[in-house]
Amino acid sequence: MPEQDTAHEAIGAVLARMPDPVGYHEARALEAGLAQAFGVRRAVALSSGTAAIHTALAACGIGPGQDVLMPAVTVVMTVAAVVATGAHPIFVDAADDGRGMDLKDLAAKTGPDTAAILAVHLAGRTDRIHEVAAYARTAGLRLIEDACQAQGTTTGGRNAGTIGDIGAFSLKDGKVISCGEGGYLLTDDTDLADRAAAFRTHWQTPAPGAPGGSRLGHNFRLAEPLAALARHQLQRFPEALAQRRHQAVTLHHAVDDTPGLEPLHPADGEHPNGYSALWRLTLPEPRAFSTRLAGAGVPNSVGTHCLTAVHRHPACAHLATGDLARAQATVDALLAVPFTEHDTDDVLRELALTIRQEAARWQAR
Ligand SMILES: Cc1ncc(COP(=O)(O)O)c(C=O)c1O
């Protein structure tokens with residue numbers, strides 16, 4: 001596929017070829033580009049990040065009667081994907097310092113039915129992924145990474161989403177590479193990739209151990225115009241990543257030393273993608289503060305998107321097991337301000353001013 005100069009040209013070329021019900025040219029070219037960009041053997045293009053997590057689990061053979069360990073600090077889409085496979089999500093509490101899963105709780109909740117760990121790199125942070133990966137290996141569990149917010153984050157020189165067996169990414173609007181809606185998987189395991197590709201398209205293609213037509217799957221294909229757009233975005237991935245990192249550093253500096261906001265620095269060896277600026281709030285009633293910030297024009301996970309630990313989500317509460325108090329306290333105190341490519345330095349200065357003013361007012365109440 002020739003490279004296109006603009007997104008309009010890229011989509012125009014696809015439209016000129018349509019209808020092309022079996023072509024899948026753009027999606028295949030996108031997969032080749034993603035595999036090369038992230039240094040893995042295979043990429044599988046999908047219709048969303050949720051579909052990518054679901055497909056990763058299905059490719060690993062996870063389904064009814066099996067348990068999947070996952071953090072309680074995540075978004076509801078991660079839970080929905082596990083439940084859609086028929087497997088049972090087991091929520092793991094947050095670590096003492098709020099960075100990732102509590103490894104003791106992870107081990108304590110591993111049982112005879114546990115098949116996999118689904119780690120989530122919220123806000124582009126990988127937290128204790130290497131320790132989780134070591135535990136998964138010893139315990140003989142699959143490790144799937146929900147890297148939907150972590151395109152471009154590296155840790156110990158490895159790309160987020162390429163540390164476990166398979167990593168799931170979102171191409172939804174607002175992600176570092178996006179095409180409106182979409183997703184993909186990255187893996188070095190060609191059997192997993194073949195099974196993911198079969199599942200994505202109603203198992204119409206053969207996969208190791210399962211001939212074409214032998215199982216049910218889904219239509220999780222990425223539409224060709226969206227794949228063309230994603231390919232176009234992929235060409236500018238290095239610049240997009242540099243811009244996000246610049247935005248995160250700029251906003252952190254501009255908010256530096258604001259009482260009530262502790263910056264959450266990257267873990268050792270981690271180079272986050274700048275998906276969000278990230279602080280731990282030490283202000284009283286931090287959730288109410290985040291809501292107020294959202295109202296004042298500073299988008300953030302808790303205030304804008306009502307992020308809560310998933311065991312407190314009305315649709316997931318019945319799935320909670322054990323004490324998950326640290327998870328909720330971690331989410332409540334999290335101030336994650338996501339960026340878009342439209343956030344210029346001027347916009348960031350305005351955001352910083354609002355954050356500083358609102359924090360001072362909150363302290364003075
Ligand atoms: C951590 C995480 N997991 C999963 C998803 C689901 O991705 P999608 O909206 O593309 O289905 C998202 C979406 O933002 C996400 O942030």
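**Arginine 200 and other sites in the model**

Visitor: Is arginine 200 buried or exposed?
Guide: In this predicted model, arginine 200 has a relative accessibility of 7%. The cut-off for buried is under 20%. Because its value is 7%, arginine 200 counts as buried.

Visitor: In which helix does arginine 200 lie?
Guide: Arginine 200 is residue 200, and the helix in question covers residues 190-200. That helix is helix 7.

Visitor: Which residues does arginine 200 touch, not counting residues up to four places away in sequence?
Guide: Contact means heavy atoms within 4.5 Å. Histidine 218 is 18 residues from arginine 200 in sequence, with the C-alpha atoms 5.4 Å apart in space. Not counting residues up to four places away in sequence, arginine 200 touches Tyr24, Glu31, Val44, Ala45, Leu46, His218, Asn219, Phe220 and Arg221.

Visitor: How far is the backbone oxygen of alanine 45 from a polar atom of the side chain of arginine 200?
Guide: Ala45 is among the residues that arginine 200 touches. A polar contact needs N or O atoms within 3.5 Å. Between the backbone oxygen of alanine 45 and a polar atom of the arginine 200 side chain, the distance is 2.9 Å.

Visitor: Which residues are in contact with aspartate 105, leaving aside its neighbours within four places in sequence?
Guide: Aspartate 105 belongs to helix 5, residues 103-108. Its relative accessibility is 16%, so aspartate 105 counts as buried. Leaving aside neighbours within four places in sequence, its contacts are Phe91, Val92, Asp93 and Leu324.

Visitor: Which backbone oxygen does the side chain of threonine 258 reach?
Guide: Threonine 258 sits in the loop between helix 9 and strand 10, and at 6% relative accessibility it counts as buried. Leaving aside neighbours within four places in sequence, threonine 258 is in contact with Arg356 and Ala359. At 2.5 Å, its side chain reaches the backbone oxygen of valine 255.

Visitor: How far apart in space are threonine 258 and alanine 352, C-alpha to C-alpha?
Guide: In sequence, threonine 258 and alanine 352 are separated by 94 residues. In space, their C-alpha to C-alpha distance is 9.9 Å.

Visitor: What is the relative accessible area of aspartate 257?
Guide: Aspartate 257 is in the loop between helix 9 (237-255) and strand 10 (261-263). Its phi is near 65°, a positive value in a residue other than glycine. Exposed means over 50%, and aspartate 257 is exposed because its relative accessible area is 70%.

Visitor: What is phi of aspartate 127?
Guide: Most residues other than glycine have a negative phi. Aspartate 127, in the loop between strand 4 (114-120) and helix 6 (129-139), is partly exposed, with a relative accessible area of 23%. Although not a glycine, aspartate 127 has a positive phi of about 45°.

Visitor: Which residues are joined by a cis peptide bond with omega of about 0°?
Guide: Most peptide bonds are trans. The cis bond concerns proline 19, which is placed in the loop between helix 1 (7-17) and helix 2 (25-38). The residues joined are methionine 18 and proline 19.

Visitor: Which strands stand at the edges of the open sheet, each with a single partner strand?
Guide: The open sheet has three strands in the order 7-6-11, with antiparallel pairing. At each edge a strand has a single partner, so one side of it is left without a neighbour in the sheet. The edge strands are strand 7 (158-159) and strand 11 (270-271).

Visitor: Which residue in strand 11 stands opposite threonine 155?
Guide: Strand 6 (residues 154-155) pairs with strand 11 in the antiparallel sense over two bridges. Opposite threonine 155, in strand 11, stands glutamate 270.

Visitor: Which helix gives the most to the shell around the ligand?
Guide: The ligand is surrounded by 14 residues, the closest being Gly49, Thr50, Asp146, Ser170 and Lys175. The shell divides into five nonpolar, six polar and three charged residues. With three residues, the helix that gives the most is helix 3 (residues 49-59).

Visitor: How much of the 390 Å² that the ligand exposes, taken alone, does the protein bury?
Guide: Oxygen atoms of the ligand lie 2.5 Å from a side-chain N or O atom of threonine 50, 2.9 Å from one of glutamine 149 and 2.7 Å from one of lysine 175. Of the 390 Å² that the ligand exposes when taken alone, the protein buries 93%.

Key
Residues are numbered from 1 along each chain as its sequence is written. This is a predicted model: local features need pLDDT of at least 70, side-chain atom pairs count only at pLDDT 80 or more; totals for chains, interfaces and linings use all residues. Side-chain values use heavy atoms; hydrogens and water are left out. A residue is near a molecule or strand if one of its heavy atoms lies within 4 Å of it. A polar contact is a pair of N or O atoms within 3.5 Å; within protein, one must be able to donate a hydrogen and the other to accept it, and residues adjacent in sequence count only if both atoms are side-chain atoms. Accessible areas come from the Shrake-Rupley method with a 1.4 Å probe; for residues, only the protein chains shown count as cover. Helices (H or I, at least four residues) and strands (E, at least two) are DSSP runs, numbered from the N terminus. Ala, Val, Leu, Ile, Met, Phe, Trp, Tyr, Cys and Pro count as nonpolar, Asp, Glu, Lys and Arg as charged, and the others, Gly among them, as polar. Two strands pair if DSSP finds at least two bridges between them. Buried means under 20% relative accessible area, exposed over 50%, partly exposed in between (1.4 Å probe, protein chains only).
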